[in-house]
Amino acid sequence: MASVLNPLEQLSLDQLRQRTSAKWRTHPADVLPLWVAEMDVPLAPPVHAALTEALAIGDTGYQVGTAYAEAFAGFASERWGWNGVVAERTAVVPDVMLGIVEVLHLVTAPGDTVVVNCPVYPPFYAFLESIGRRVTEAPLNPGGRLDLAALEEAFAEPVDGSRPTAYLLCSPHNPTGTVHTYAELTAVAALAQRHGVRVVADEIHAPLVLPGAQFVPYLSVPGAQDGFSLVSASKGWNLAGFKAALLVAGPLAADDLARLPEVVSHGPSHVAVIAHAAALRSAGTWLDALLLGLDDNRRLLGDLIAEHLPEVSWTPPEATYLAWLGCRGLFPDAASDEGADARGLVTSTAGPAGVFLERGRVALSAGAAFGSGGSGFVRLNFATSRQILTQAVRQMGAVASRSGR
Ligand SMILES: Cc1ncc(COP(=O)(O)O)c(C=O)c1O
């Protein structure tokens, strides 16, 4: 098979600056954007080909059928040896977050409490609040792993008189890049069963497990049969602009899935499903090249931090292209009154992300947006070229030295 070039090294900064997506158009043109989860890669050729073919025949109508489910079933079987995806127990949804919302409409009631593991992807809070669910936090342990005791406490603890009814698991975890093990997920399923809590696993980052770790689908572990998972090609192949995702129900959640309103199927785009299915079905070689590039960047980032930001603490992620950087040693005073919106976008210059943006011209996601324990951290997106990554960390290092470390 022909080898694929590292997708992260294909586009110049000038080309990237021509993009009009959130990553490239939120900040002034002198800022290096390493914040929102978009990658600086061209479209994978098999996805490009599938879209070109669809456009050539004007295949731009409404979405129908099981192409997404079949493509994902094949991917899950080949990559993870998991053969549990049955098309009848899936639904195409507009995107992962809206899929989560729909599942929570099925298995929780307004006013119910949902457990999350902080620090976590900021929209978890905003979306749950937008549908009138309360959020309770079970913090990750200091190593960034699931803390089963904290989880059990959160499951058992009444919030305003009622116990949580659902748990929104992020697997792999954003922002720490933690890949939950078979043993951890099995323990999660047992705890959830014991406390009558429904598990909804956001597995959007599953294709992005880096060399050295192995992804375990939540629905593949014993005791998880009444759970749900949300998957998508949007992170692995940078397809967030093509709105579609797949909701997968465990065997004991089929009846709940059957209650999914028909109107939900009007949301996802047919052309998006063509792109996502092509990625899962035919762009595995491209994904492998990407993962090698991300593994290289993970190593490079470690070297750059050691050289330019030695006070920053981090644990290299096992998955994702996100690095969770502890900056409290660098800015002991800056961490307390950080401002950030639900996307992790800096709204004040008080915290480390604000300082790196204002003085270093590097945009990062502000830790405070990720819930309790996030303040004093920044999230850096290393899905970019070695040159941009190097330049960005150098600029951050220059800020740190001007701050008088
Ligand atoms: C954990 C997690 N869930 C969901 C999303 C958003 O996915 P979608 O655009 O499909 O809603 C992201 C995007 O970065 C994410 O990191």
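Me: What makes the shell around the ligand six nonpolar, two polar and four charged residues?

Reply: It's sorting by residue type: Ala, Val, Leu, Ile, Met, Phe, Trp, Tyr, Cys and Pro count as nonpolar, Asp, Glu, Lys and Arg as charged, and the others, Gly among them, as polar. The shell includes Ala 37, Val 96 and Met 97, so these three go in the nonpolar group. Asp 95 and Lys 235 are also there, and by type they are charged. The full tally is six, two and four.

This is a predicted model, where local features need pLDDT of at least 70 and side-chain atom pairs 80 or more, while totals for chains, interfaces and linings use all residues. Residues are numbered from 1 along each chain as its sequence is written, and side-chain values use heavy atoms, with hydrogens and water left out.

Me: How do you know that the ligand is surrounded by those residues?

Reply: Each has a heavy atom within 4 Å of the ligand, the cut-off for being near. Tyr 121, Cys 170 and His 205 are among them.

Me: What makes the approach of Lys 235 to an oxygen atom of the ligand a polar contact?

Reply: A polar contact is a pair of N or O atoms within 3.5 Å. A polar side-chain atom of Lys 235 lies 3.1 Å from a ligand oxygen, so the pair qualifies. Backbone atoms pass too: Val 96 has one 2.8 Å from a ligand oxygen, and for Met 97 the distance is 3.0 Å. The protein covers 92% of the 400 Å² of accessible area that the ligand has on its own (Shrake-Rupley method, 1.4 Å probe).

Me: Why is the pair of Phe 155 and Tyr 167 called edge-to-face?

Reply: Rings of Phe, Tyr and Trp (its six-membered ring) pair if their centres lie within 6.5 Å; planes under 30 degrees apart are stacked, over 60 edge-to-face, the rest tilted. Here the centres are 5.4 Å apart and the planes at 70°, so edge-to-face it is. Phe 155 is in helix H7 and Tyr 167 in strand E5, so the pair ties together parts 12 residues apart in sequence. By this rule there are nine aromatic pairs.

Me: What makes the backbone at Asn 174 and Pro 175 stand out?

Reply: Most peptide bonds are trans. The bond from Asn 174 to Pro 175 is cis, with omega near 25°. Ser 171 and Pro 172 are also joined by a cis bond, omega about -5°.

Technical notes:
A polar contact is a pair of N or O atoms within 3.5 Å; within protein, one must be able to donate a hydrogen and the other to accept it, and residues adjacent in sequence count only if both atoms are side-chain atoms. Helices (H or I, at least four residues) and strands (E, at least two) are DSSP runs, numbered from the N terminus.
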